[in-house]
Amino acid sequence: MARKPDKSVSQSEGDVDSLQEFTLYSLGYVSTQTRPLDNEQMLEILEKARETNAQLGITGVLLHRHDSFFQVLEGAEEEVRGLFEKINRDARHERVEIVTE
């Protein structure tokens with residue numbers, strides 16, 4: 001008796017193929033805040049970043065210490081670069097420097 005093809009195998013192969021087509025792009029930068037930020041303002045920045053990143057399919061990490069930010073953004077290159085350009089124009093920080101790509 002002939003066996004039917006196992007659809008789960010072909011489905012998982014398709015998943016692997018789609019993963020191979022997607023290349024995770026990451027960009028890390030540092031910057032210096034232009035004015036003091038209190039806890040409420042920092043939470044607003046974090047909440048907005050989480051919302052925007054989720055909409056764009058971007059993950060990463062945002063660190064703040066004293067007057068410096070360090071952020072790594074990960075996702076599709078076009079979305080990450082577009083978001084970074086927007087972040088780079090934000091007047092709440094200056095001396096934005098890419099440290100890793």
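Is Arg81 buried, partly exposed or exposed, and at what relative accessibility? Select Arg81 and take a look: at 38% relative accessibility, Arg81 counts as partly exposed, because that value falls between the 20% and 50% cut-offs. Keep in mind as you click around that this is a predicted model.

**Stop one: the Arg81 network.** Stay on Arg81 and add Glu77. Their side chains meet in a salt bridge, 2.8 Å from N to O. Both sit in helix α3, four residues apart, which is about one turn of the helix. Glu77 is partly exposed too, at 39% relative accessibility.

Now add Glu101. Its side chain meets that of Arg81 in a second salt bridge, at 3.0 Å, N to O. Arg81 belongs to helix α3 while Glu101 lies in the segment after β4 (93-100), so this pair ties together parts that are 20 residues apart in sequence. Glu101 counts as exposed, at 54%. Show the three together and you have Glu77, Arg81 and Glu101 linked in a network of salt bridges.

**Stop two: Glu94 and Arg95.** Select this pair next. Their side chains form a salt bridge at 3.5 Å, N to O. Arg95 is exposed, with a relative accessible area of 54%, whereas Glu94 is partly exposed at 36%. The whole structure has five salt bridges.

**Stop three: the largest pocket.** Select Ile45, Ala49, Ile87, Asp90 and Arg92. Of the 15 lining residues, these are the closest to the centre of the largest pocket, whose volume is about 370 Å³. Then colour α2 (39-56), β3 (68-75) and α3 (77-88), each of which supplies at least two lining residues. The largest share, five residues, comes from α2. By class, the lining has seven nonpolar, four polar and four charged residues.

Conventions: Residues numbered from 1 in each chain as written. Predicted model: local features only at pLDDT ≥ 70, side-chain atom pairs only at ≥ 80, totals over all residues. Heavy atoms only, no water. 1 Å grid on protein atoms, 1.4 Å probe; cavity = no way out; pocket = protein on both sides within 12 Å on 5 of 7 lines; lining within 4 Å. Points joined across faces, edges and corners; volume = space filled by probe spheres on them. Nonpolar A, V, L, I, M, F, W, Y, C, P; charged D, E, K, R; others polar. Salt bridge = Lys/Arg side-chain N within 4 Å of Asp/Glu carboxyl O. Buried < 20%, exposed > 50% of the residue type's maximum accessible area, 1.4 Å probe, protein only.
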